[in-house]
Amino acid sequence: MDILEQISELERQAAATLDAVTDPKGLEDARLKFLARKGALPALMERLKEVPNDKKREVGQALNALKNRVQSLFDAAKERIESATEEAGIDPTLPGRPVPDGHLHLITQVTDRIVGIFRRLGFAIAEGPDVETEWHNFDALNTPQDHPARNEQDTFYLDRPADPKYGRFLLRTQTSPVQIRVMQSQRPPVRVICPGRCYRRDEIDATHSSSFHQVEGLAVDRGISLADLKGTLEFFFRELLGPGTRMRFRPHFFPFTEPSFEVDLSSESLGRTGKDWLEIAGCGMVDPAVFEAVGYDPETYTGYAFGLGVERIVMILHGIPDIRLFEQNDLRFLRQF
Ligand code: DAH
């Protein structure tokens, strides 16, 4: 059969097939048979090479016309099938498409648990901005001008004009400024729990990240004492880590509390860290200078405050060796929790 005859033969076949197609499966079969890379049409077009030069032009034109014709037969069939499917409505026999369902990040899960325990004790949730002012993050918290944390090596300062009243803008280095914002906006009694992200210009390694999470607590009222702080934290850690958890206060220094303590924990669930006591939080009685900064009368009110590092707690709870895992978004890690 000469090639021109083959061309008209193929056109007849394609037209017959495509006109008869009634469903998506038939359409796909037809596409594979004629148009796809290994189909009849490309195979025939390949043969243009073998055509003697004086015939090339004629045969080339015929092949092009064939190609256009088959394509438009295909398009017409496709449209016909699509509108038929639409008219018939949705095919309920098709299997559903699975929707991939995610879950909360481990840090969020544990933060929710921490906050949940304090809510049962009557603490309300408070939040503050990640972009803070130097006044809220340092001055109002009684941090001296020459404190090393204020250093540009330790704190991310923003490249924007300072606020005339509150000073330079920075990424908060702790959730403690939320204490200040809460006290500025309400009168005692105060009982808040403040979860949030913090930022420091730390050298990044297995235990340091440039961003991490803290949960801050603050209670202010008449007659609040260190015993309230101790009882509250003890209850909290037993709820979080189990009844066998023991806690001790070790004297420390924070500018915004006096006296100040670091909290150490000892618990069976901390067994895998290999240490007897683990430092887990900072806390203390609110310094009178802080009350003065927010306009509370330190003669009338006392209060306690504390701050926990969420990553640290999560790493201990789950035996996670490297803080960087939390931010790498590796599903093999995240799906385990
Ligand atoms: N802000 C402290 C830090 O980031 C933690 C802290 C210590 C918070 C003592 C407090 C506190 O509220 O009373 O290291």
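The following exchange asks how several descriptions of this predicted model are justified.

User: Why is Asp 264 called buried?

Analyst: Asp 264, which is found in strand 7 (residues 257–266), has a relative accessibility of 2%, and since buried means under 20% relative accessible area, Asp 264 counts as buried. Leaving aside residues up to four places away in sequence, Asp 264 touches Arg 246, Met 247, Arg 248, Arg 250, Trp 277, Leu 278 and Glu 279.

User: What makes the pairing of the side chains of Asp 264 and Arg 250 a polar contact?

Analyst: The distance given for the two side chains is 2.8 Å, and a polar contact requires a pair of N or O atoms within 3.5 Å, where one can donate a hydrogen and the other can accept it; the pair of Asp 264 and Arg 250 is therefore listed as a polar contact.

User: Why is helix 7 described as largely enclosed by the rest of the structure?

Analyst: Seven of the 10 residues of helix 7 are buried, so the helix is largely enclosed. The buried residues are Ser 176, Pro 177, Val 178, Gln 179, Ile 180, Val 182 and Met 183, and they pack against strand 2 (131–133), helix 6 (134–137), strand 4 (190–199), strand 5, helix 9 (288–294) and strand 9.

User: Which elements, helix 7 among them, each supply at least two residues of the shell around the ligand?

Analyst: Helix 7 (176–185) does so together with strand 5 (211–221), strand 8 (278–286) and strand 9 (302–309). The ligand is surrounded by 15 residues, of which the closest are Gln 174, Ser 176, Arg 200, Gln 214 and Glu 216, and the residues of the shell divide into five nonpolar, eight polar and two charged.

User: Which polar atoms of the protein lie at 3.0 Å, 3.2 Å and 3.3 Å from atoms of the ligand?

Analyst: A polar side-chain atom of Ser 176 lies 3.0 Å from a nitrogen atom of the ligand, while an oxygen atom of the ligand is 3.2 Å from a polar backbone atom of Ala 305, and an oxygen atom of the ligand is 3.3 Å from a polar backbone atom of Phe 306. Of the 350 Å² of accessible area that the ligand has on its own, the protein covers 89%.

User: How does the span of helix 4 compare with what is expected for its 36 residues?

Analyst: Helix 4 (residues 53–88) reaches 52 Å from its first C-alpha to its last, which is close to the 52 Å expected at 1.5 Å a residue. Its buried residues, including Val 59, Leu 66, Phe 74 and Ile 81, pack against helix 1 (3–20), helix 2 (24–35) and helix 3 (40–46). Helix 4 is followed by Gly 89, whose phi is positive, near 85°.

User: How do you know that Ala 30, whose place is in helix 2, is buried or exposed?

Analyst: The relative accessible area of Ala 30 is 4%, and the limit for buried is under 20%, so Ala 30 is buried. Ala 30 touches Thr 17, Leu 18, Val 21 and Leu 35, not counting residues up to four places away in sequence, and although Ala 30 and Ala 14 are 16 residues apart in sequence, their C-alpha atoms are 7.9 Å apart in space.

User: Why is Asn 142 called partly exposed, and why is Asn 329 called exposed?

Analyst: Partly exposed lies between the limits of under 20% for buried and over 50% for exposed, so Asn 142, at 30% relative accessibility, counts as partly exposed. Asn 329 has a relative accessible area of 55%, and because exposed means over 50%, Asn 329 is exposed. Asn 142 sits in the loop between helix 6 and strand 3 (169–171) and has a positive phi of about 65° although it is not a glycine, whereas Asn 329 is in the loop between helix 10 and helix 11 and has a phi near 55°, a positive value in a residue other than glycine.

User: What makes Phe 326 a buried residue?

Analyst: Phe 326 is found in the loop between helix 10 (310–318) and helix 11 (331–334), and its relative accessible area of 4% falls under the 20% limit, so Phe 326 is buried. Its contacts, not counting residues up to four places away in sequence, are His 105, Leu 106, Ile 107, Glu 311, Val 314, Met 315, Ile 320 and Phe 333.

How values were computed. Residues are numbered from 1 along each chain as its sequence is written. This is a predicted model: local features need pLDDT of at least 70, side-chain atom pairs count only at pLDDT 80 or more; totals for chains, interfaces and linings use all residues. Side-chain values use heavy atoms; hydrogens and water are left out. Helices (H or I, at least four residues) and strands (E, at least two) are DSSP runs, numbered from the N terminus. The expected span of a helix is 1.5 Å times one less than its number of residues. Buried means under 20% relative accessible area, exposed over 50%, partly exposed in between (1.4 Å probe, protein chains only). Contact means heavy atoms within 4.5 Å. A residue is near a molecule or strand if one of its heavy atoms lies within 4 Å of it. Accessible areas come from the Shrake-Rupley method with a 1.4 Å probe; for residues, only the protein chains shown count as cover. Ala, Val, Leu, Ile, Met, Phe, Trp, Tyr, Cys and Pro count as nonpolar, Asp, Glu, Lys and Arg as charged, and the others, Gly among them, as polar.
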